[in-house]
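Me: I have a structure open and would like to talk it through with you, one question at a time. Shall we start once it is on the screen?

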Amino acid sequence: MKHSAAAAKTSGRLRRIRKAGLDKAPYGAQHRTSGTRLRFGSADVLTGVAGIAVSFLVLCALIPGWIAPYSPTEMNTAAILQAPSVLHLLGTDYFGRDVFSLIVYGTRDSLLIGICSVLVGVLIGGTLGSLAGYVGGKLDTVLMRLMDVLLTVPGILLALTIAAALGPGLRNIVLAIAISSVPGYARVMRGQIMAIRRRGYIFASRAIGARPSSILIRHVLPNSAAPLLVMATLGLGSSILAGAGLSFLGLGVLKEIPDWGALLSQGRGYLTVAWWICTFPGLAITLFVLSVNLIGDRWRDAVDPKRKGKV
Amino acid sequence: MKTGLEVKELTIDVHTPRGTLTAVSEISFDIAPGETLCLVGESGSGKTIASKAIMRLTDYENGRIAGGHIRLGGQSIESLPDHLVRDLRGRRIAMIFQEPMAAFDPVFTIGSQIVETMRAHRREKKSVLQQEGVELLRRVGIPEPELRMKQYPGELSGGMLQRAMIAMALSGGPELLIADEPTTALDVTVQAQILELLDELKESLGMSILLITHDLGVAAQMADRIVVLYAGRVAEQGPAAEVLTAPRHPYTIGLLNSALTQDIRRGERLRAIEGSPPGLADMPGGCRFHPRCAYASPRCRESVPPLSDQGPGRLAACWHADEAAAGAAAASFAAAVQPEVPQLQAELPDTGTNRESSSILLEAQNLKKHYPIGGGWGHQKRVIHAVDGVSLSIAEGETFGLVGESGSGKSTLGRLLLQLESQTEGRVLYKGEELSPQGSRRWRETRRDLQIIHQDPYGTVDPRWNIGEIIAEPLGVHTKLTAAERRGRVGELLEQVGLQSSWQDRYPHEFSGGQRQRIGIARAIAVNPRFILADEAVSALDVSVQAQIVNLLQDLQRQLGLTSLFIAHGLQVVRHISNRIGVMYLGKLVEVAPSEELFRHPAHPYTRALLSSIPGSPQAGNETFTAKGEIPSPINPPAGCRFHTRCPIATDLCRQAEPAFVSVGSEHTAACHYPL
């Protein structure tokens, strides 16, 4: 009982709804079950929609030419700053470029920046945090003070400095964003590891003579990873936005095809006359982040043994 | 006006994420003014939720009173508007809880919390209430009450806090005091003090007490009448003495059989109830006890037995009450509950009859463990003397029991013996050789011989591993078995501890507490160890399940020829399972004796005080030999004999000189200047 109550609190509403639906109808609760069954369906549909959205965006990244109706570089001077219409689904920008096509073509760089920088950040931050939390002592102090120093500089400023030092380019932008996100991941991972390290089953494992390295890999890490996963899915969005900020300042990917972030910042000046230029790239980011979150939530449930066995 | 509390056919529904569940079904009881009624039951029996419903506290926990009546002094509570219920709480009905530490707000002083409670019900000057608070604290036996009023909860001990909690409950002058497991979190000597206080207050103030407990000993000592709950229904009720001596419901009979008393021969198999209490979501139909009952018939599976009259003041809900009562009376019930289990009377070799000749397996020499605390900026560095100079030896094949109150250092000593912690001073010898320091290769090898069964069967298994992997973990560390061989061995082990070998792929959360403890035992014996440390291995379990596990441990010990150290605060369990017992107090061993000898002729005053505070024991209540106060802090242990601050026969000598171990019988030693 206690376990499920605590888990439900953290996992949010979706899971609770689904769980209620999955369970057998308890006696004397007919009126409730009919209601929950409906919502159980909607939660599943939502995950399905998220899956379709992510698949679509991935397709956009891989084969933009097949999806976009226009070329992203084609400037139609006859149709500058046109509102969404049948011809231009999401309108046109100040050069007369089709916004929908721009978004489709910008997907590749945006996803690359988002996913790669999160992966690199999680990898570095997670490793440093695990080391600090598991080894403890002086190593912990040194690593964490280093993280504190990094944390005192605002993330975007740090990324800016790194990007400025390394020069523009996709790889450098990914590195800059990743490094600026490292302290956050490291802190969360360290806290998690320190909490798990004191659990009874770690002591039990030590008592049977298991090696520290095997305890770390087989017990501590799998049990500590969940919050980092959540943080990573949320980090996707902010990474894309950070990439946008850098692009805006001229430190991003300097190409004629702007990524979502660049689109967003370029359209900002026209917000009063042409809202569609920055609204739709923004919605694309939201759609992507939301979908990834939904799928991540579902996936975390699927690998949690506590939910696997429950009837 | 004064008719006490009346509960009639009370049914409580609980809304959970999984839907609405019925926690309590149609329970009825009443309490006359000045009477103590005990609600007895295991976890999940609905005793706590029923008591909360009386104060309508269930409203805040997704509960709903779905049927029945609750009346206090003729006034209905179940449908009272909220503001009137609030007026009732604390004034006419007061409650004390299991965890006194958790029930006080740590950021306010005791005094301000007591005064706040009083101000909830009447307008009075703060200074007047303050003075009343002091009087109340004095009334419940708290020394220096003026000082305590100004202290924070963290500064008081558990026993003091529970007294303060009682004082707070008394502040409204309640007609009914609900005490929910008030002594479960406390040490046995403190428990005796609190129970005595409750009894005395009831007499002098004429309150009724509704005492909720899982401990039949506590019920026997305190109750005028007993209501036994099982799975949300009343199984049996009646006057305490009659229910306990002539039970009529098979569940009550089983509970009484499971409880360890001094009458049970040491080493004898306990007559446990099979299985475990059902969960709320999967209540069996018909009589809810039928899956565990020896008397179950088709009728029990189909229809719910009503509470029927069983003599003056007695009710039981059983279709076969007469049969069961007759069976219990004839003491042939054991065979009926577990017909397949032969009455094992195999004698454990009592005491180390051949201890001298047999080899010593594990030996501690002057072990000390000091934990440094504080020592930060400008803080004085202090030391917790967890274990302070303990020497003992455990012979091959022996079960050594270790008892003592919390804070006596028994768990630390256990971990030191296994070298799971390194000592500050002293040596641990295993088969005559010094155990290597932690982490070395040799140390890891000795882990194969030295295994441990943990107290908490929930926390000591990795929730992400299935039980096959959990049990196989030591096999992976110490053997080179293939995956298939491991699976086979795990299957064997599961059957050995009474589970099914096909359950390997299930996860820990799918098992009940008792089953998980079996899993823990299977893991501990997986690599055929020589020595097992059982650290409070049965303390967290329900009474009926505890008996099963004790039986299992004894069987395994006999089959595998294990040597073990059995640590527990439950004295009867330790007596039942051990050959010799060591009593610890504040980091020191104060007495070591063969277990029967220790119980019959305790030589150290502390041992005697411990024994007399076992609730329901023959000595309880009329024994003058009790320990005063509570165990002092291990940071500054008293000089001389550490027990002198609580000892009824302490003299100046005790305050100055530390007593050495003296022999008071064969194999019986005690560290006391004046052994009894």
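Me: Leaving aside neighbours within four places in sequence, which residues is Gln151(B) in contact with?
Reply: Bear in mind that this is a predicted model. Gln151(B) sits in the loop between helix H6 (145-149) and helix H7 (158-170) of chain B. Once neighbours within four places in sequence are set aside, its contacts are Thr109(B), Ile110(B) and Leu156(B).

Me: Is Gln151(B) buried or exposed, and what is its relative accessible area?
Reply: The cut-off for buried is under 20% relative accessible area. Gln151(B) falls below that, so it counts as buried, with a value of 13%.

Me: How far apart are the C-alpha atoms of Gln151(B) and Thr58(B)?
Reply: Along the chain, these two residues are 93 residues apart. In space, the separation of their C-alpha atoms is 32 Å.

Me: Let's move to helix H18 of chain B. What distance does H18(B) reach from its first C-alpha to its last?
Reply: H18 covers residues 483-496 of chain B, which makes 14 residues. At 1.5 Å a residue, the expected value is 20 Å. The helix comes close to that, with a reach of 20 Å.

Me: Which helices do the buried residues of H18(B) pack against?
Reply: The buried residues in question are Arg489(B), Val490(B), Gly491(B), Leu493(B) and Leu494(B). Their packing partners in chain B are helix H17 (467-478) and helix H19 (513-525).

Me: Where does Arg487(B) stand on accessibility, and which residues does it touch?
Reply: Arg487(B) belongs to helix H18 of chain B. Its relative accessible area is 42%, so it is partly exposed. Its C-alpha atom is separated by 7.7 Å from that of Ala472(B), 15 residues away along the chain. Not counting residues up to four places away in sequence, Arg487(B) touches Gln504(B) and Asp505(B).

Me: Which residue just after H18(B) takes a positive phi?
Reply: The angle is about 85°, and the position comes just after the helix. The residue is Gly498(B).

Me: Asn528(B) and Leu586(B) have positive phi too. Which of them is buried and which is exposed?
Reply: Asn528(B) is not a glycine, yet its phi is about 50°, and it lies in the loop between H19 and strand S19 (531-535) of chain B. Leu586(B), also not a glycine, has phi near 50° and is found in the loop between strand S21 (580-585) and strand S22 (588-594) of chain B. Exposed means over 50% relative accessible area and buried means under 20%. With 52% for Asn528(B) and 1% for Leu586(B), the exposed one is Asn528(B) and the buried one is Leu586(B).

Me: Which residues does Asn551(B) touch, not counting residues up to four places away in sequence?
Reply: Asn551(B) is part of helix H20 (residues 543-560) of chain B. At 1% relative accessibility it counts as buried. The residues it touches are Arg269(B), Leu270(B) and Ala272(B).

Me: Why is helix H11 of chain B described as largely enclosed?
Reply: H11 spans residues 250-258, and its buried residues include Pro250(B), Tyr251(B), Ile253(B) and Leu255(B). The helix is largely enclosed by the rest of the structure because the buried ones number eight of the nine residues.

Me: What radius of gyration does chain B have, and why does it suit a compact globule?
Reply: The C-alpha atoms of chain B fill a box of roughly 75 × 65 × 50 Å along the principal axes. For 676 residues, a compact globule would be near 26 Å in radius of gyration. Chain B agrees with this, because its own value is 26 Å.

Me: How far apart are the centres of the positive and negative side chains of chain B?
Reply: The positive set has 69 side chains and the negative set 77. Their centres lie apart by 4 Å.

Me: And what share of the exposed area of chain A do carbon and sulfur atoms supply?
Reply: Chain A is made of 13 helices and zero strands, and 46% of its 311 residues are buried. Its exposed area is about 15500 Å². The carbon and sulfur share of that area is 69%.

Key. Residues are numbered from 1 along each chain as its sequence is written. Chains are lettered from A and ligands numbered from 1 in the order in which they are written. This is a predicted model: local features need pLDDT of at least 70, side-chain atom pairs count only at pLDDT 80 or more; totals for chains, interfaces and linings use all residues. Side-chain values use heavy atoms; hydrogens and water are left out. Helices (H or I, at least four residues) and strands (E, at least two) are DSSP runs, numbered from the N terminus. The expected span of a helix is 1.5 Å times one less than its number of residues. Buried means under 20% relative accessible area, exposed over 50%, partly exposed in between (1.4 Å probe, protein chains only). Contact means heavy atoms within 4.5 Å. The radius of gyration is taken over C-alpha atoms; the globule rule is 2.2 Å times the number of residues to the power 0.38. Lys and Arg count as positive and Asp and Glu as negative; His and the chain ends are not counted. The place of a charge is taken as NZ of Lys, CZ of Arg, CG of Asp or CD of Glu. Accessible areas come from the Shrake-Rupley method with a 1.4 Å probe; for residues, only the protein chains shown count as cover.
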